[in-house]
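Let's take a walk through this one together. Have the viewer open and follow along.

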Amino acid sequence: ETSVTYTVENKGAFAVWDQTQYWVDAVWISKDQTFIKERATLVAMKVHVPIGPLQPGDRYSETVAFDLPPGISGDYKVFVFT
C-alpha cells in the first residue's frame with residue numbers, strides 16, 4: 001500500500017458553479033513523462049464534496065491510499081485529474 005497527497009487549485013477566473021454537488025479526482029500512475037491514457041493505470045478515485053463554490057485561488061488537499069498493482073517496479077509518474 002502507498003499513498004499520494006495532492007492539491008487542487010482553482011486557477012480560473014470564475015468560481016465552480018454553485019450547484020455542483022461533487023466531483024471526482026482520479027489518480028493514475030504511468031512510466032511515461034506525459035499522460036497517455038492507454039498506457040496508464042488508474043489506481044484511485046476520490047469523491048470531493050465541496051462545502052461551497054471553489055472560488056478563484058481556493059484550493060484543497062487530499063490524500064488517497066491504494067495498493068500498487070502486482071509486479072510493479074521502477075519509477076512512475078503520478079497524474080491527478082479532477
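Start with the contacts: of those in the protein that link residues at least 6 apart in sequence, 71% join residues at least 24 apart. Keep in mind that this is a predicted model. There are 82 residues in the protein, and 28% of them count as buried. The C-alpha atoms fill a box of roughly 45 × 25 × 20 Å along the principal axes. As for the accessible surface, it adds up to about 5800 Å², with 51% of that belonging to carbon and sulfur atoms.

What about secondary structure? You'll find zero helices and five strands, so to speak a plain β-β-β-β-β pattern when read along the sequence.

Now for the sheet. Three strands make up an open sheet in the order E3-E2-E5, and the pairing is antiparallel. Strand E3 (41-48) and strand E5 (77-81) are at the edges; each has a single partner strand, so one side of each has no neighbour in the sheet. On average, neighbouring strands here are turned by 20° against each other, direction ignored. In general, the strands of a sheet pair through backbone hydrogen bonds. Zoom in on E2 (residues 23-30): five bridges join E2 to E5, and the two run antiparallel. In E5, lysine 77 is the residue that serine 30 stands opposite.

Finally, look at the surface. Tyr22, Val24, Leu42, Met45, Val47 and Val49 form a nonpolar patch there, together offering about 570 Å² of accessible area. E3 supplies the largest share of this patch, with three residues. Valine 47 is a patch member that lies in strand E3.

Conventions
Residues numbered from 1 in each chain as written. Predicted model: local features only at pLDDT ≥ 70, side-chain atom pairs only at ≥ 80, totals over all residues. Heavy atoms only, no water. Pairing = 2+ DSSP bridges. Helix = DSSP H or I, 4+ residues; strand = E, 2+ residues; numbered from the N terminus. Axes fitted to C-alpha atoms, helices over the stretch in contact; angles between N-to-C directions. Patch = residues over 30% accessible without salt bridge, like charges linked within 9 Å, V, L, I, M, F, W, Y side chains within 5 Å. Areas by Shrake-Rupley, 256 points an atom, 1.4 Å probe, with all protein chains shown as cover. Salt bridge = Lys/Arg side-chain N within 4 Å of Asp/Glu carboxyl O. Buried < 20%, exposed > 50% of the residue type's maximum accessible area, 1.4 Å probe, protein only. Contact = heavy atoms within 4.5 Å.
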